[in-house]
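Trainee: I would like a close look at a single part of this structure. Please take one strand and work outward from there.

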Amino acid sequence: MASSLDEQYSPWIRVFHPSAQTRVRLVCLPHAGGSASWFHPMSAALTPDVEVLAVQYPGRQERRLEPSFADIAEAADRITDALTPWRDGPLALFGHSMGATIAYEVALRLEATGTRPAVLFASGRRAPSRVRNEHIHELPDSGLLAELRAMSGTDMSLLDDPDMRALLLPTLRSDYRAAETYRHREGDRVDCPVFALTGDRDPRADVEDVATWREHTKGAFEMRVFPGGHFYLTESGEVVDLVRDHLLAVSV
């Protein structure tokens with residue numbers, strides 16, 4: 001498998017720890033308001049056996065001047081194209097929250113063009129067919145900030161600064177709009193195995209809704225519930241161990 005070279009650079013993909021020894025690459029897609037750097041600790045922990053390709057959405061960090069994507073399908077199209085140079089070996093997908101929905105759509109597109117992911121890890125997100133009539137993206141800024149506090153996914157100290165709020169809130173609102181307006185196409189299912197992960201106190205992804213991911217794959221389905229809320233990943237080192245062990249088993 002070729003290493004991640006400079007000529008493979010895409011603004012959509014960040015490789016924090018390139019590894020020529022990698023046995024499988026894990027494409028990591030962050031939550032609404034999240035950035036590629038959220039997966040830096042996972043990348044460091046999984047190297048060198050697993051090389052993490054962290055997805056960087058537009059509208060944040062070094063892409064902060066770019067407009068955010070309008071919908072999930074648009075993001076999935078662009079990410080699938082960006083992954084072309086890395087399709088010379090096994091690929092797996094890990095999406096958290098909104099990222100799980102995008103990962104599912106990326107998996108469908110990869111499979112349509114001949115690349116079957118080794119596994120899709122769907123983290124902290126209800127199954128695509130489980131629709132909730134949510135309108136968080138339509139709330140005023142104060143309501144959006146209250147949602148962030150409730151979910152505890154963002155360092156709220158960053159938003160104490162008015163200039164930082166002005167920079168971050170439009171991107172966050174756009175992410176929520178994309179996630180809340182997404183609708184699954186009836187009949188779509190991935191061929192690859194799906195491994196669903198969630199926290200037992202997640203207010204946005206209860207266990208029953210997460211378990212419904214089994215209906216969205218023609219392959220094997222597994223599920224693991226961890227202690228914690230929506231960002232249970234930051235509370236348990238077991239997640240990285242599970243991901244590593246599973247990837248090394250399926251990439252033999």
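Mentor: What follows starts with one strand, then turns to a helix and a loop residue.

This is a predicted model, where local features need pLDDT of at least 70, side-chain atom pairs count only at pLDDT 80 or more, and totals for chains, interfaces and linings use all residues. Residues are numbered from 1 along each chain as its sequence is written, and side-chain values use heavy atoms, with hydrogens and water left out.

Begin with strand E4, residues 91-96. Helices (H or I, at least four residues) and strands (E, at least two) are DSSP runs, numbered from the N terminus. E4 is mostly covered: 6 of its 6 residues are buried. Buried means under 20% relative accessible area, exposed over 50%, and partly exposed in between (1.4 Å probe, protein chains only). Leu91, Leu93 and Gly95 point one way from the strand. Ala92, Phe94 and His96 point the other way.

Now the partners. Two strands pair if DSSP finds at least two bridges between them. E2 (residues 24-29) runs parallel to E4, joined by 5 bridges. Val27 stands opposite Leu93 there. E5 (residues 120-123) also runs parallel to E4, with 4 bridges. Leu120 is the bridge partner of Leu93 in E5. From E4 the chain crosses through helix H3 (residues 98-112) to E5, a right-handed β-α-β crossover. Right-handed means that, with the strands pointing away from the viewer, the path from the first strand over the helix to the second runs clockwise.

Next, helix H2, residues 72-82. Its buried residues are Ile72, Ala75, Ala76, Ile79, Thr80 and Ala82. They sit on the same side of H2 because they cover an arc of only 155° around the axis. That arc is taken from the directions from the helix axis to the C-beta atoms. An α-helix has 3.6 residues a turn, so residues three or four places apart point the same way. The cover over the buried residues of H2 includes E1 (13-14), E2, E3 (50-55), H3 and H5 (162-181).

Last, His184, in the loop between H5 and strand E6 (194-199). His184 is buried, at a relative accessible area of 18%. Its side chain makes polar contacts with the side chains of Tyr104 (3.0 Å) and His216 (3.5 Å). A polar contact is a pair of N or O atoms within 3.5 Å; within protein, one must be able to donate a hydrogen and the other to accept it, and residues adjacent in sequence count only if both atoms are side-chain atoms. Leaving aside neighbours within four places in sequence, His184 is in contact (heavy atoms within 4.5 Å) with Tyr104, Pro128, Ser129 and His216.
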